[in-house]
Each structure stands twice: as C-alpha cells, then as structure tokens.
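Hi everyone, thanks for making time this morning. I'd like to walk you through one structure, and you can follow along on your own screens.

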Amino acid sequence: MTDNTLIATGTDPRFAALPGRPGKIVAIHLSYASRADQRGRRPAAPSYFFKPSSSVEASGGTIERPAGTELLAFEGEIALVIGATARRVPLADAWSHVAWVTAANDFGLYDLRANDKGSNVRSKGGDGFTPIGPALLDARTLDPAALRLRTWVNGELRQDDTTAGLIFPLAQLVADLSQHFTLEPGDVILTGTPAGSSVVVPGDVVEVEVDAPDVPGAPSSGRLITTVTQGVHGFDDAVGSLPAVDDTQRAEAWGSRAAAGLEPEAEPFRLTGALRDKLHRAPVAGLSAQLRKRGLNNVTVDGVRPMHPEAKLVGTARTLRFVPNREDLFASHGGGYNAQKRVFDAVGDGEVIVIEARGEEGSGTLGDILALRAQARRAAGIVTDGGVRDYDAVAAVGLPVYTKGAHPAVLGRKHVPWEADVTIGCGGTTVQPGDVVVGDRDGVLVIPPSIVEEAVDAALAQEDEDAWIADQVAAGHPVDGLFPMNAEWRERYQAWRASR
C-alpha cells in the first residue's frame, strides 16, 4: 500500500489525531509575552512561517536529532484545527472557524537556523518535527482566552502558561491569516510557545498538554509524547549548507546564556543617578572641549535651538528616522501605528527621542499630543533637526525640546516615518541608540557611552579651574601666565585645592 493510499483512506498513523492530512500548517514566530521578554524583543504584529505536513507525527512517536547537530529544542504549543473555510473573516467571527484545539510540539534545530533566514524551512521542517495530539477538544466549548499549555521533559515541568499571556489572541491569528489566503478545513495553526523552551538530547521524553482548567471536567488534549533519538545521517555540503552554531544560537536554543553554559554578556551602559547629576552640572561647552581633546570634533547637533533655554537636557538616545516623503511610501508607512508613534509609545524613563529629519524645516516632526506622550513616559526630552508644529502647545508641555523651528504642516508634507532604534544622522552628527545626549543654551552634544564619565569628570575639574582663574582675574591679576596657567600659577592653584 502506497503512502497516497494510506492518506486517502485516513490510515496514515502520523495524522491519527487529526481529521486528515493538513493542507497547510502555519506557525507564528513570537506570540507569548513571556517568550518575547525572554528574547528581548516584542513584535508589533504577528509574523509567520509554514511547516510541511510531512513533519507531522502522532503521540508516542520519535524525533531524530541529525548526526553532527547539537541544538534540537522543543516548543510546546496550542494547535488550532480549522473547521470552516475562512477568507477575510472579521475578528469577531474568527473563532467560529476553528473546529478543534489540541497540543503540538514545534521542534526546531537551531544548527540549521541561520541559513534559513527566518523561513525555518530546514530548521523546523524535518520529519517528525511537528507532533500533534493525542485528542481533539471541541473549540465551541472553550474560551480561547482561558486555555492552559504545559510541557514536561523527562517528567519535569518546563513550560506552564495560559492564553491570557498571549500578545496576540488566538482569534486574531485566524483573522489575520485569512486576510492573506484561504484557511481551509483541516489546516493547522501553531500558536507559539511561552518561555521555558530549551534543548533536548537523545533519550529525552517530551510531553505537551493543552487543557481548559476552568471548564467543568477540565477537558484535556491528553499528553502528547515524543521521544528524542540520535540520527545516523548527517548533511552533504555538496548539495547544501551544513549545520553551524554560534553563541547566539546556543543562547536562544537553551533559553539563556547561563543555561547554555556561556559567560554572561557585558552589562549594557546605564546612565546612573550620580553620572546624570554630573552631566547636569557640566556645561555643554565644557564637555565639548573635553571631547575635542579626545579627538571627537563631530559630536554637536547643529542648527537646533532649545524651546526652554533654562532647562538642561540629559539622557540616552532613542532614535527615529524619517525619509523624504514619497506618496506610495507614505501610504504604506505613514498611517496606522507607524514608527513615529511606536517610538513615542516606547520611550523609556530618562531617554531622549532623537529624530533624523535631514534638517528639513518644511514640516512638523511632532506636535503637542506626542510631546504629552513623551512626558507621560518620563522621557528626558526630544531633539529634532526638523520642525515642530503646535509650537506653543508643545512648549507648554514643559519637556526640553530642541528643534530648528516652528512649522504648521503635518508630517506627510515632507517626511515618511521609516524606522526606529537604528543609527541616524541628526543635525550633521551620527547618533546611535544609547548614546548620551546633553543639551543646554549652547546646543546639543552627543557623547559615546564609553567615555562619558571620563569626559564629564574632566569637564567639571576644568570648570573648577576656570572659576578659580576668573576669581584671580577679577582680583586684578593679568591673564598673561594665568590663562592658561604657567607652572607658578599651577602650583598656586594646586595649593588652593589642597587647602579646601
């Protein structure tokens, strides 16, 4: 009996838990908040990949870890089985197109992940890489917001989360996918995995269960059981790329650098309260002089002026880039929850939104609503080498803002909000996310984090020295030999400092 006959008669054991062989299996990349937080990135919208139906396996089956690989990872997931054709269905009706819910395991081989470039064709498409089952739950009897997913490895609970922790509700995935293609009866949607996914090795037994603990009788899919075995076949570099791993893939496969046995990454730069206080006391002109001594001359944001000259600006950069307006690009990137809105919604306490507007003053780059949002997020301020609309209203917010001036036009006249948190050019200088930004009446300065403490300490020391020199000049001493100080005056100054 051929495979085709098995499938046609419904006796292929791989699909024992399903109504038949799925026409397509669609999986989401990131959907649980716990997993997104673990990865350090939270998507604004769901993204997907396909898995072949040949990767399906029934409960009690095995999965081979190919020879020459090391990073086979489990991902317990909730699987949705489509029961009624869905094409462009509204969100309110989407769940009615789901017939059944069950457990799945979206195994992935991280050794093959890099060359897949997000498609996951090789890393997640292997035979046995999508166990599903063992029992189907009637979706009509379930609240999609109250399902529980648990995963065990060798009897130890590794994943325990509920659909209340989803970034994107289950019905949204159905509605979204139906915008792009027809979901047909029997199609399967894999809805993502929570935190806790990690590497398994030959001999390990992985179990996944989906249940509805709040429903009388707590209906359950039963435990989907898969045993990991060691494969004997490797890969031929004459026909395709070979497995390859690095520390990034190890950390993501295991769930963390510590779990992968790797040294922790260097602590990211943090603008401490003490360092922030020093920067508030140091004038921008003094900091500029210290950076110049260290070979950094191109660190001023030129052409911008403060809306509140009396206010000092100190923070770390959060960047936003506008490109020149082109009508088709504004149609695709200018509306909805665009890059500009995302930055103002995400800016953190003490961060400065720095906007690349190419020095174009013929349009506003923000208005009073966004200024209020930045203030509510406790942003340190805003720097734009473009214009500000609703100028007086923005000024009334009280947030330190540096701009080239006022302009009444909305964003789309000159700009398309393109991308955020990338290296940009603002006022003739390069700004990277996390750079230290300092501003006062003299202007705005961008300081690399690696030298900020050294520069500010030197600037404050120079301020003390200049103040002492000013006192000597005010007392009637000539500037010759005093400014700059010769050896005699230097000795006097050192003695004065020692006496304080």
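Let me start with helix H7, whose buried residues pack against helix H8 (284–293), strand E17 (313–324), strand E26 (436–440), strand E27 (443–447) and helix H13 (452–474). Please keep in mind throughout that this is a predicted model.

So which residues of H7 are the buried ones? In this helix, which runs over residues 273–281, they are Leu275, Lys278 and Leu279. Around the axis they cover an arc of only 100°, which means they sit on the same side of H7. If you rotate to the face turned away from that buried side, you'll find the exposed residues Gly273, Ala274 and Arg281.

Next, the annotated site. An unreviewed UniProt entry carries a "binding site" annotation covering Gly367, Asp368, Ile369, Leu370 and Arg389. These residues span 23 positions in sequence, yet no two of their C-alpha atoms are more than 10.7 Å apart, so they gather at one spot.

Let's look at two of them. Leu370 belongs to helix H11, residues 368–376. Is Leu370 buried or exposed? With a relative accessible area of 16%, Leu370 falls under the 20% cut-off, so it counts as buried. Setting aside residues up to four places away in sequence, Leu370 touches Gln340 and Phe344.

Arg389, in turn, is found in the loop between strand E20 (387–388) and helix H12 (391–397). Its relative accessible area is 27%, so Arg389 is partly exposed. And what is Arg389 in contact with, leaving aside neighbours within four places in sequence? The list includes Gly367 and Asp368, which both appear in the annotation too. Also among the contacts of Arg389 are Gly364, Leu366, Val394 and His407.

Now over to another annotation. UniProt, again in an unreviewed entry, places "domain: Fumarylacetoacetase-like C-terminal" at residues 24–228. That span is 13% helix and 35% strand, and its end C-alpha atoms lie 25 Å apart.

Last stop, a sheet. Here 5 strands form an open sheet with mixed pairing, in the order E4-E14-E13-E10-E11. Strand E4 (61–65) and strand E11 (156–162) are the edges, each pairing on one side only. On average, neighbouring strands of this sheet are turned by 20° against each other, ignoring direction. Within the sheet, E13 (residues 205–211) and E14 (residues 224–230) run antiparallel and are joined by 4 bridges. If you want a spot to zoom in on, Val206 stands opposite Thr226 in E14.

That's my tour, and I'm happy to go back to any part of it.

Terms used: Residues are numbered from 1 along each chain as its sequence is written. This is a predicted model: local features need pLDDT of at least 70, side-chain atom pairs count only at pLDDT 80 or more; totals for chains, interfaces and linings use all residues. Side-chain values use heavy atoms; hydrogens and water are left out. Buried means under 20% relative accessible area, exposed over 50%, partly exposed in between (1.4 Å probe, protein chains only). Helices (H or I, at least four residues) and strands (E, at least two) are DSSP runs, numbered from the N terminus. The arc is that of the directions from the helix axis to the C-beta atoms. Contact means heavy atoms within 4.5 Å. UniProt positions are given in the numbering used here, feature names are shortened, and annotations may be inferred rather than shown by experiment. Two strands pair if DSSP finds at least two bridges between them. Axes are lines fitted to C-alpha atoms, for helices over the stretch in contact, and angles run from 0 to 180 degrees between N-to-C directions.
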